Amino acid sequence: MNTATPPTPRSVTATAPGKINVQLSVGAHRPDGYHALTTVFLAVALHDTVTATLAATGRTTVTVIGTDAQRVPTDATNLAARAAQLLREHHGTDAGVALHITKRIPVAGGMAGGSADAAATLLACNALWNTRATPAQLHALATELGSDVPFALLGQAALGRGRGEILTDLPVTGPLHWVLAVAHGELATPAAYAEHDRLHTLRPADAHPSPQPPADPALLAALKTGDATALGAALVNDLQPAALSLHPALAATLHTGRTAGALGSIVSGSGPTCAFLAADAHTAKSVARALATSKAVRRVRTVSGPAPGAHITTR
């Protein structure tokens, strides 16, 4: 029997999916300043890829190509670079890494592309450096990096509570067919939450939001059975009014997709990407053609879900 230790890889490539929040319910402020959230994540087959290559001791470099690459920072503020640094600190290693990111998920589009990059980096560097972090340890590190990073590791569908990082797997029957309409410009998540809070101060009935909003049973049932019609009717995003306030052109985009035959429409996360659920792949293509004619839309993609979470593709 050959018991020799396998050679340490010189590079590892991992991929992670974007997400749509089919439910995003925003509750009260928590003592730590975050909002209490109840969200239902669905991973979709639109992935970023990270290749991690051994580099000089203690050094992290980032290069980016692909969709919106010019909008992605390549310094220490990049979430993938932060993920590598956090793993390095947690395991007491001084290993270096060169991160090469291929972007397909829209940047600052409400689909957690940066979180996907961080999740893929955690997996890739864990294998590259042989740090042997367990799935539970990787989840804990992901939680430190951001609310959406743990789901990028998990994928498929999940109920998120707390600030979104406390995850419960959800049964889902697919494929579900989506059309993504990427708007011009971008919306920062903190700005969307700030606008959400401002709008709520104008409505006395909303002065005391729920400490922890409930998950919608009808939406969960629709996911479980793959009932696209019922799911389309149940889509909800409490940040959508804020996104429309900050980016009014999104209202016309949502209308275009609905009139083209979408079963449901929603701003994805904090926006400004809009997601449209279609009955089937053929209808999705028809909705995509209609959205492609809109001057408010700079890119249209058809995708399906659910999709697997972060995973290593080559080493």
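Start by selecting Arg163 and Tyr34: the charged end of Arg163 sits over the ring of Tyr34, 5.0 Å from the ring's centre. Keep in mind as you click around that this is a predicted model.

**Next stop: two rings**

Now select Phe41 and Phe151. Together they form an aromatic pair, and the count of such pairs comes to one. How are the two rings of Phe41 and Phe151 arranged, and how many Å lie between their centres? They are stacked, at 4.6 Å centre to centre, with 10 degrees between the planes. Those two values are what you want here, because a pair of aromatic rings is described by the distance of the centres and the angle of the planes.

Colour the surroundings and you'll find Phe41 in strand E2 (residues 35–55) and Phe151 in helix H4 (residues 149–154), so the pair ties together parts that are 110 residues apart in sequence. Are Phe41 and Phe151 buried or exposed? Both are buried, so try hiding any surface you have switched on.

**On to the helices**

Show helix H1 (residues 79–91) together with helix H3 (residues 135–145). Their axes are 10 Å apart and the helices pack at an angle of about 130 degrees, which makes H1 oblique to H3. To see the contact, turn on side chains: H1 brings Leu79, Arg82, Ala83, Leu86, Leu87, His90 and His91, while H3 answers with Gln137, Leu141, Glu144 and Leu145. The handedness of this H1–H3 crossing is right-handed.

Leave H3 on screen and add helix H2 (residues 113–128). The axes of H2 and H3 come within 10 Å and cross at roughly 140 degrees. H2 and H3 are therefore oblique to each other as well, and their crossing is right-handed. Which residues make the contact between H2 and H3? From H2, pick Ala118, Leu122, Leu123 and Asn126; from H3, pick Leu138, Leu141, Ala142 and Leu145. Look out for Leu141 and Leu145 of H3, which you also met in the contact with H1.

**Last stop: Arg315**

Finally, jump to Arg315, in the segment after strand E12 (311–314). Is Arg315 buried or exposed? Arg315 has a relative accessible area of 65%, so it is exposed. Now select Arg10 too: it is 305 residues away from Arg315 along the chain, yet their C-alpha atoms are separated by 7.9 Å. To round off the view, show Pro9, Ser11, Val12 and Ala127, the residues in contact with Arg315 once its neighbours within four places in sequence are left aside.

Note on methods: Residues numbered from 1 in each chain as written. Predicted model: local features only at pLDDT ≥ 70, side-chain atom pairs only at ≥ 80, totals over all residues. Heavy atoms only, no water. Helix = DSSP H or I, 4+ residues; strand = E, 2+ residues; numbered from the N terminus. Buried < 20%, exposed > 50% of the residue type's maximum accessible area, 1.4 Å probe, protein only. Contact = heavy atoms within 4.5 Å. Phe/Tyr/Trp six-rings, centres within 6.5 Å; stacked < 30°, edge-to-face > 60°. Lys NZ or Arg CZ within 6 Å of the ring centre and 35° of its normal. Axes fitted to C-alpha atoms, helices over the stretch in contact; angles between N-to-C directions. Parallel < 35°, antiparallel > 145°, perpendicular 65-115°, else oblique. Left-handed = near helix turned anticlockwise from the far one by under 90°.
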